[in-house]
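User: Please give me a close look at how the helices pack, both against each other and onto the sheets. Start with the contact between the chains, and tell me what touches what.

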Amino acid sequence: MTLTDRQQLSYIASQAADARLNVELETEGMTLNIGPQHPATHGTLRIIARLDGEQVVWAEPVAGYMHRGYEKLTEVRTFPQVTSLINRIDWLGSFANEVPFILAAEKLMEIEAPPRAQVIRTILFELSRIANVSLFLGDLGVQMGAITPVFLAFRDREYILNLIEGATGGRFHPNFDRIGGLKDDLPKGWIQETKGAVKKLEEFCDTIDDLLFGNEIFQSRMRGIGVIPADIAKDYGLSGANARASGIDWDLRRDQDLPLSYDLADWKVWTHPDGDSWARCWIRLQETRESCKIVGQLLDQIPAGPVMTKVPRIIKVPEGEAWVATENPLGEMGYYVVSKGDLGPFRVKIRSASFNNISIVPWALKGVYVPDIITILASLYFILGDIDR
Amino acid sequence: MGLVDKGRLPAPLTKLFNLSRSYSLWVYQWGLACCAIEMGAAFGSPRYDVMRLGVIPLPASPRQADFVCVSGTVTDKMAPAVKRLWEQMPEPKYAISMGSCANCGGPYWDSYSVTKGVDQIIPIDVYVPGCPPRPEALLEGIVLLQQRIKNEDMAAKWRGDEFTTLQRTRAMEAGEVDREGELISDTRSISDEPMPEVAAAHPEPIVVGGGPIE
């Protein structure tokens, strides 16, 4: 078949499709239930969609299938115990959950971790971001109908998990951050090993870029689907890569002054003007590359010294209130900690990124076709533990 | 499987059937929380590669599955869905409970919304402890489940009375049943001793890295 033949055939096919669309179809209303257990929901989200033919008229996410009562549980735990609990909010990037809470407690106690602990914290923070987003990139392929990327993601994610396990002892939930520093220093040879692993993850990003983002089918399923303009994104409180993909140049790593060492590294905040599913996924790919860059640069700049300041053995946080938010893999995650001077917090309000990110689902799904539901949900990227807590 | 339905199979045939059953297990992945990722690592990653054990992690629906791996926190809102899934699976069916949350509630033992153990809803064959367990632990749980399937009395399993070969052997050793599995009750019927409870509601669960749960 020559090229002109193929062009003619595709022209005829498109004409036929147009003719079919022009005929007024008799459509029927239908309610489609997705979940609570569906691969596209990253856990147990349920989405009720009312359809007219193949078009979504109305959609609503039903959260709460993974609600474990975090905010209530933190009231009956001591401060060090809360850390092990909040590891499990966003289970793909566990270490990133600990940091804002510990920073809030340190703010109340008016202490600061030593410089060495700050740099190691930042490195582990970025490693957990890589572990999180690399699985997203693999899972994205599965949801678009390509199986291979997820095997690549699981293979290369193991390098990062090994590093986190080597440094903290926990493969999944490190529970490594302490008020006033870190539990331990880095083991011998860890820095060298991390350099090798980061190189492998950079190769993984290139592979995904070729395999997935260079794929024509993938592009045609992603581009122009689920466009979220910047003002709507702001209204719904989107954060993280979802906001940056709509052109909002806002990153808490850069835009606020926290005792983390992001200013030691030379890196870039990526934004995209389009605001479609493609842009959201592409931003995440670029962010993984930036995280690799940050880790690679910080590894050479770890200062000598202790990893723990002097804190009392039994930690009592003085009375007060503190709010600290950081740029987690999924977006802005913050803790509002109220202390009454006891062993444990009086009240902890958790602002998790995914809860706000899925609040846009009814808006974003209105009027789309059924296959695009999965595209939009996949590109919004939420984790159920992060939504329901 | 008419042979199995009618009654007891010849021993070599049972062995053959059990062997083939244990090495073509289709698992339904009921991934709920953190453990789902470790389950994904065990089932979907090239490093752990569960398919070498003869486990196929691909069924699209519980109706095609031989066993279910409940991994993660089961909340009270989710529990009816877990129960419904279990009822949809065809016999013979098995269940693995992965992770502390599914075993007993785990770190949410005092939470108001978490079901303290999925065994309140469905019968569990293998418990895999850990928070979350490493993929290797899940693989060991699967190997232990395969050993259980190999030792099973198929006819009894098909009838659904859950009276496995393991328990039959124990009952025989205790002198409660004869070789055919019938109750030895000729002398006991006139004595004052209470009848021995032979057929348990469910076989004893296996715990990875430990003994049976009391």
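Analyst: Two directions count as roughly perpendicular at 65 to 115 degrees, as roughly parallel under 35, as roughly antiparallel over 145, and as oblique otherwise. This is a predicted model, so to speak a computed one: local features need pLDDT of at least 70 and side-chain atom pairs 80 or more, while totals for chains, interfaces and linings use all residues. Residues count from 1 along each chain as written, chains are lettered from A and ligands numbered from 1 in written order, and side-chain values use heavy atoms, without hydrogens or water.

Let's take the pair that spans the two chains. On one side is helix α6 of chain A, residues 148-168, and on the other is helix α3 of chain B, residues 34-44 (helices are DSSP runs of H or I, at least four residues, strands runs of E, at least two, numbered from the N terminus). Their axes come within 10 Å and cross at roughly 110 degrees (axes are lines fitted to C-alpha atoms, for helices over the stretch in contact; angles run from 0 to 180 degrees between N-to-C directions). That's why α6(A) and α3(B) are called roughly perpendicular to each other. From the chain A helix, A:F151, A:F154, A:R157 and A:E158 do the touching (contact means heavy atoms within 4.5 Å). Across from them in α3(B) sit B:I37, B:G40, B:A41 and B:G44.

Now stay inside chain A, which has 16 helices and eight strands. The C-alpha trace of chain A spans about 75 × 45 × 30 Å along its principal axes. Here helix α3 of chain A (79-86) packs with helix α4 of chain A (94-109) at an angle of about 160 degrees, the axes being 9 Å apart. Because of that angle, α3(A) is roughly antiparallel to α4(A). The α3(A) side of the contact is made by A:F79, A:V82, A:T83 and A:I86. They meet A:N97, A:E98, A:F101, A:I102 and A:A105 of α4(A).

That second helix, α4(A), also lies across β6, β7 and β8 of chain A, at about 150 degrees to β6(A). Those strands make an open sheet of three in the order β6-β7-β8 (chain A), paired antiparallel (a pair takes at least two DSSP bridges). At the edges are β6 (320-328) and β8 (347-351) of chain A, each pairing on one side only. Neighbouring strands of this sheet are turned by 10 degrees against each other on average, ignoring direction. Between β6(A) and β7 of chain A (331-339) there are nine bridges in the antiparallel sense. One bridge to look up on screen: A:V324 has A:Y335 in β7(A) as its partner.

Chain B has a helix on a sheet too. Its open sheet has six strands in the order β2-β1-β3-β4-β5-β6 (chain B), with parallel pairing. The edge strands of chain B are β2 (55-56) and β6 (206-207), which each pair on one side only. β2(B) runs parallel to β1 of chain B (25-31), and two bridges join them. B:L25, for instance, has B:V55 in β2(B) as its bridge partner. Packed on this sheet is helix α6 of chain B (135-150), whose direction makes about 155 degrees with that of β4(B). α6(B) touches β1, β2, β3 (67-71), β4 (94-98), β5 (126-128) and β6 of chain B.
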